[in-house]
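Let's look at this protein together, one question at a time. Have the sequence and the 3D view ready, and try each question yourself before reading on.

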Amino acid sequence: MIRAMIVINNQGKPRLSKFYNYTPVEQQQQLIRSIYSVLCLQPENVSNFLEGSSILGPDSRLVYKLFATLYFVFVFDSSENELAMFDLIQVYVETLEKCFSNVCELDIVLNYSKMHTILDEMILGGQVVETNSEKVMQAVEEISKLEKVTAATKLISKSASLLWG
Amino acid sequence: MLLLTLLLRSVGFYFFTSSIQNPESNNSYTAKLEQLKTIGRELAMGSQGGFGQSKEFLDLVKSIGEARSKSEEDRIVLHEIETLKRRINEPDIPKRKMKEYIIRLVYIEMLGHDASFGYIHAVKMTHDDSLLLKRTGYLAVTLFLNEDHDLIILIVNTIQKDLKSDNFLVVCAALNACCKLINEETIPAVIQQVVELLGHQKEAVRKKAVMALHSFHQRSPSSVNHLISNFRKKLSDNDPGVMGATLCPLYDLIAIDVNPYKDLVASFVNILKQVAERRLPKSYDYHQTPAPFIQIKLLKIMALLGSGDKKSSEQMYTVIGDIMRKSDTASNIGNAILFECVCCISSIQPSPKLLETAADAIAKFLKSDSHNLKYMGIDALGRLIRINPDIAEQHQLAVIDCLEDPDDTLKRKTFELLYKMTKSSNVEVIVDRMIDYMISINDSHYKTETASRCVELAEQFAPSNHWFIQTMNKVFQHAGDLVNPKVAHNLMRLIAEGFGEDDDAADSQLRSSAVESYLKIVDDPKLPSAFLQVICWVLGEYGTADGKYSASYISGKLCDVAEAHSSDDIIRAYAVTALMKVYCFEKSAGRKTSLLPECQLLLEELSASHSSDLQQRAYEFRAILDLDANAVENIMPLDASCEDIEIDKSLSFLDNYVHKSLEQGAEPYIPENERSGTLNISNIINRNPYEHPAHSLRFEAYEVPKLVVPTKLSPAVTYPTELVPVPEPSYQPTVSSGPVSDAGSGSGSTELRLRLDGVQKKWGKPAYSSAASSSTSNIDSQRTTVNGATQPDNVTSKSREPRQPHVEVSEEKQKLAASLFGGRTARPERKQSGSAAGHSKVSRTTNHGEDKAQPTTVTTAVQPPPPDLLDLGESSGAASSYSSTVDPFKQLEGLLDLSQDGHAVTTTTGPDLMSLYSGASTNGQNQNQNLNPLLNEKDNMNGAPNPSNRTASLTKGPSLKDALDKDALVRQMGVNPTSQNPNLFSDLLG
């Protein structure tokens with residue numbers, strides 16, 4: 001199963017983190033820091049896999065991919081295929097790309113909750129549920145459309161009540 | 001009005017952001033463009049509604065982004081927390097505002113600060129009617145809370161309500177929360193609804209319901225056991241997404257217990273076949289590969305189901321072969337599938353044809369330039385060599401390249417592979433490499449792991465005593481503090497006992513080589529403690545045994561050790577005991593003995609030591625100094641560390657003395673558990689040990705000797721004269737003095753050192769003993785052939801040179817390869833001979849008949865039925881949905897080829913080629929001879945050099961032919977596989 005999904009920028013600031021097993025906040029920070037300290041030492045042109053047993057406990061592996069300024073990291077155990085996880089990062093980023101067109105770090109910072117929504121559509125409880133980025137997009141759009149509607153109605157009713165209330 | 005202010009504010013915010021962007025941009029054109037783009041994006045986002053955030057939040061994000069140090073960031077976040085704490089508790093906060101606060105809380109917690117003061121508000125937000133707020137609430141609680149948090153109970157009711165909602169998005173949000181927040185106690189509250197939702201009309205809901213059920217099962221299998229059948233049902237869901245999600249729980253269930261799911265093999269195979277044939281909607285394609293993640297999951301499941309089950313495995317062969325043939329090796333995901341296929345092949349019952357394809361795939365991986373693929377190749381190779389150790393040979397040079405690669409991940413993986421394929425023939429090279437690597441790394445975790453692997457391999461496969469001692473020295477020198485202390489005790493025991501053979505000469509040779517090597521390195525000031533203990537013990541026990549070194553030389557070294565490590569009591573204890581032993585052995589041998597002045601000094605110093613253990617040892621030593629040779633020999637017999645000591649636990653030898661004392665009016669001894677009064681007192685004193693230090697001291701002093709060995713203290717210190725008439729107990733100090741490293745539990749540590757029973761077997765392996773000399777000579781001779789060019793052996797070099805015209809690899813590498821991979825230098829030759837496969841087969845059957853028979857034996861032994869089941873099953877059983885793209889004839893041809901091959905090998909071609917082979921060069925023959933002892937050794941180790949196995953495996957041929965005939969008949973009868981099957985999954989399970 002997938003244990004965690006983390007996005008860190010190249011200065012070590014976490015941009016998104018999701019742990020699928022309950023992990024106390026301090027431990028999360030510790031993990032993110034140690035993962036970053038390993039990642040930033042990785043030379044170019046080496047494999048994107050890391051054996052994680054020294055920092056993440058037994059039977060854990062780590063796949064990362066660097067997009068511009070962001071490291072996308074998946075932590076998982078032996079029941080997952082490394083190359084497939086590597087492509088899952090690709091799927092996630094492709095989905096983000098479709099969402100934001102020309103996605104950059106700022107999009108990710110500013111759309112914190114949307115990032116979570118997209119991730120939740122793909123991975124549930126540490127299992128990959130959907131890898132079809134069209135479908136993920138569809139679901140996310142449906143949610144945002146609905147939320148927009150509710151937000152708008154709220155606003156209208158609010159302003160109406162303000163006007164006449 | 002509000003609309004207006006909102007608009008105004010948003011305008012202000014855009015100005016603000018653009019002004020913030022300014023300092024960051026370098027005024028260049030591109031930066032401006034980027035800035036414009038950002039503004040545009042933010043505008044677009046604002047219109048998106050749900051996900052936009054306010055200026056304040058953006059401010060926070062920006063200022064944190066610009067923070068130069070962690071402390072500055074912390075300051076900003078702490079300030080933010082203060083603000084939030086104040087605001088969040090204000091009455092009548094607009095809900096929209098509240099939502100933002102919650103998002104800010106989530107953000108703060110991601111940065112590592114405590115946001116627990118706002119949890120309750122997040123929980124409240126889940127109760128909201130608005131979907132937007134509800135979702136935010138759910139998101140926050142899933143991130144904040146774990147399943148056992150106290151607040152969960154407040155959410156369960158909401159989840160229950162939301163699961164019944166008409167709006168499927170609400171239901172999805174609630175199911176999301178279920179996966180994270182429902183624990184064993186609360187499962188019954190929602191389980192009924194979740195199961196109902198499995199039949200929901202929206203596939204997104206069904207999918208999430210499956211996952212929720214799965215997470216319940218992970219939490220508490222017992223509470224959902226009766227619902228497991230739902231997973232089976234959902235496998236035939238009309239929506240491929242739901243089916244794909246169902247594979248996750250099924251994989252977990254099958255991993256726990258395979259047997260109840262054997263009947264699904266056909267279904268899984270069928271699904272995989274349909275996926276691979278692109279019958280899924282086009283939208284499931286990812287980089288032109290049909291639903292790769294589903295394929296991978298299915299292959300993983302099949303690997304579990306087919307493991308050790310021939311019948312199931314046979315159903316899978318065709319589809320796996322198909323996928324491997326079709327797979328797109330240009331894309332990453334295609335390779336992922338290919339790798340999963342190889343894993344599956346190595347897990348199920350081996351099929352020779354598939355193994356060949358797998359080997360090809362591995363070759364492709366290893367030859368690739370991508371480090372990722374190389375890594376996967378090494379991983380796959382590690383799996384495959386378990387079935388067929390010969391495969392590694394083809395890739396020896398690629399493996400060595402990986403070993404020398406700067407990529408650390410790859411290097412580690414390669415060492416793992418080498419560890420798996422270590423044999424007595426290549427152990428020296430591999431362990432040497434591992435030690436070099438161990439020295440080069442700093443990570444203590446991997447250092448420990450590598451060190452313990454080195455030790456393990458050295459213990460199992462050591463070719464000679466000398467090598468073993470040298471290797472252990474290196475491991476201890478560089479990672480001594482990291483290895484398990486047991487390893488040190490193992491080493492001592494090993495040196496004491498030898499290899500478990502009754503060969504005294506070899507044992508003493510081992511000891512003297514150990515002594516010699518230790519004397520060389522003992523002056524190194526950085527030796528780890530555990531290693532020094534071993535050195536002291538060995539020097540004390542065997543330092544003077546072979547007469548090479550004088551007692552005074554050894555004693556001098558030991559004194560140096562004690563002096564150099566004056567802060568380490570354990571080392572000093574070992575050293576002083578060793579000194580005592582050296583002295584005793586000298587004295588009992590009748591030689592003139594005198595204590596070195598530095599030894600005397602040491603004794604004086606230790607007699608006043610703070611450590612009672614050291615003090616006692618010093619006094620014991622002094623007591624021994626006054627004894628005559630005869631008594632000393634009784635106390636310290638030469639080389640008796642392995643002899644069992646009978647401990648008289650009842651202390652009957654003291655009866656006389658006790659009796660006398662009692663007669664003289666001494667109080668009788670009362671066991672501890674009977675003297676209740678004193679026990680209470682000791683309890684009190686233990687509780688406040690600083691109030692009555694004098695009392696507590698006395699109590700301890702009486703108890704400790706009782707726990708250890710009472711005789712140890714009494715005879716040595718108080719009644720030195722009684723040592724002589726009572727030899728057994730007086731011998732006690734010798735033994736317990738060795739390992740008092742675990743001071744206090746004297747008898748326990750004696751056990752540890754003297755009774756490590758597992759090791760004996762490791763060393764006593766018959767294979768090892770017989771191969772010890774032959775394998776070393778083997779390697780030597782192989783080396784000479786590899787080195788041929790540099791040595792005056794002209795015949796060899798001449799015969800080799802024309803046969804490898806394009807050798808682009810360096811000699812050194814080849815040498816390494818040869819020594820790693822069983823020393824078979826035949827590789828370049830084989831490359832030369834055109835039909836590499838055929839040749840290797842011949843050489844294998846001729847040279848390594850038994851060797852090859854080994855994997856096949858397994859197959860035939862486990863499952864006697866003839867293999868034609870496979871082919872019939874293919875065309876009749878599973879054929880219903882089998883499309884025409886796969887030609888069963890091709891498969892059968894392959895099988896036939898193989899069977900012919902088998903025949904050819906045994907009948908005609910074998911000897912023919914063989915004569916060619918041996919005629920070509922003396923080198924080849926040489927090799928055969930060299931390999932023979934290796935082979936014998938292998939047989940010995942497997943314990944089953946059964947020649948009949950070979951014939952059994954070869955009789956396979958005719959039955960395969962039968963199968964072909966049968967299939968042809970079936971086809972003639974007109975039973976053709978129907979090609980199209982419109983319903984995707986519904987008809988699979990009936």
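Q: What is the N to O distance at which the side chains of A:Glu80 and B:Lys297 meet in a salt bridge?
A: Keep in mind that this is a predicted model. A salt bridge needs a Lys or Arg side-chain nitrogen within 4 Å of a carboxyl oxygen of Asp or Glu. The side chains of A:Glu80 and B:Lys297 meet in such a pair, with N to O at 4.0 Å.

Q: How many salt bridges does the rule find across the interface of chain A and chain B?
A: The structure holds 37 salt bridges over all chains. Across the interface of chain A and chain B, the rule finds six.

Q: Which helix gives the largest share of the side of chain A that touches chain B?
A: Between the two chains there are 19 residue pairs in polar contact. By class, the side of chain A that touches chain B has 28 nonpolar, 23 polar and 19 charged residues. The largest share of that side, 12 residues, comes from residues 133–164 of chain A, helix H6.

Q: About how much area do chain A and chain B bury between them?
A: The size of an interface is often given as the accessible area lost when the parts come together. Here, 70 residues of chain A are in contact with 85 residues of chain B. Of the area buried between the chains, 58% is on carbon and sulfur atoms, and the total is about 7,000 Å².

Q: How many residues apart in sequence are the parts that B:Lys134 and B:Asp162 tie together?
A: B:Lys134 forms a salt bridge with B:Asp162, and their closest N and O atoms are 2.9 Å apart. B:Lys134 lies in helix H7 of chain B and B:Asp162 in helix H8 of chain B, so the pair ties together parts whose separation in sequence is 28 residues.

Q: Is B:Asp162 buried or exposed?
A: Buried means under 20% relative accessible area. Its partner B:Lys134, at 5%, counts as buried. B:Asp162 has a relative accessibility of 3%, so B:Asp162 also counts as buried.

Q: Which backbone nitrogen does the side chain of B:His149 reach?
A: B:His149 lies in the loop between helix H7 and helix H8 of chain B. With 27% relative accessibility, B:His149 counts as partly exposed. At 3.1 Å, its side chain reaches the backbone nitrogen of B:Leu151.

Q: About how many helical turns separate B:Arg383 and B:Asp379?
A: An α-helix has 3.6 residues a turn, so residues three or four places apart point the same way. B:Arg383 and B:Asp379 form a salt bridge, the closest N and O atoms being 3.1 Å apart. Because the two are four residues apart in helix H20 of chain B, their separation is about one turn.

Q: Which residue of chain A is joined into one network with B:Asp379, B:Arg383, B:Lys413 and B:Glu416?
A: The side chains of B:Lys413 and B:Glu416 meet in a salt bridge at 3.7 Å, N to O. Both lie in helix H23 of chain B, three residues apart. Salt bridges that share partners join these two with B:Asp379, B:Arg383 and A:Glu51.

Q: What span should the 16 residues of helix H19 of chain B have, at 1.5 Å a residue?
A: Helix H19 of chain B covers residues 352–367, and its end C-alpha atoms are 23 Å apart. The expected span is 1.5 Å times one less than the number of residues. The end-to-end distance therefore agrees with the expected value, 22 Å.

How values were computed
Residues are numbered from 1 along each chain as its sequence is written. Chains are lettered from A and ligands numbered from 1 in the order in which they are written. This is a predicted model: local features need pLDDT of at least 70, side-chain atom pairs count only at pLDDT 80 or more; totals for chains, interfaces and linings use all residues. Side-chain values use heavy atoms; hydrogens and water are left out. Contact means heavy atoms within 4.5 Å. Buried area is the accessible area (1.4 Å probe) that two parts lose on being put together, summed over both. A polar contact is a pair of N or O atoms within 3.5 Å; within protein, one must be able to donate a hydrogen and the other to accept it, and residues adjacent in sequence count only if both atoms are side-chain atoms. Ala, Val, Leu, Ile, Met, Phe, Trp, Tyr, Cys and Pro count as nonpolar, Asp, Glu, Lys and Arg as charged, and the others, Gly among them, as polar. Buried means under 20% relative accessible area, exposed over 50%, partly exposed in between (1.4 Å probe, protein chains only).
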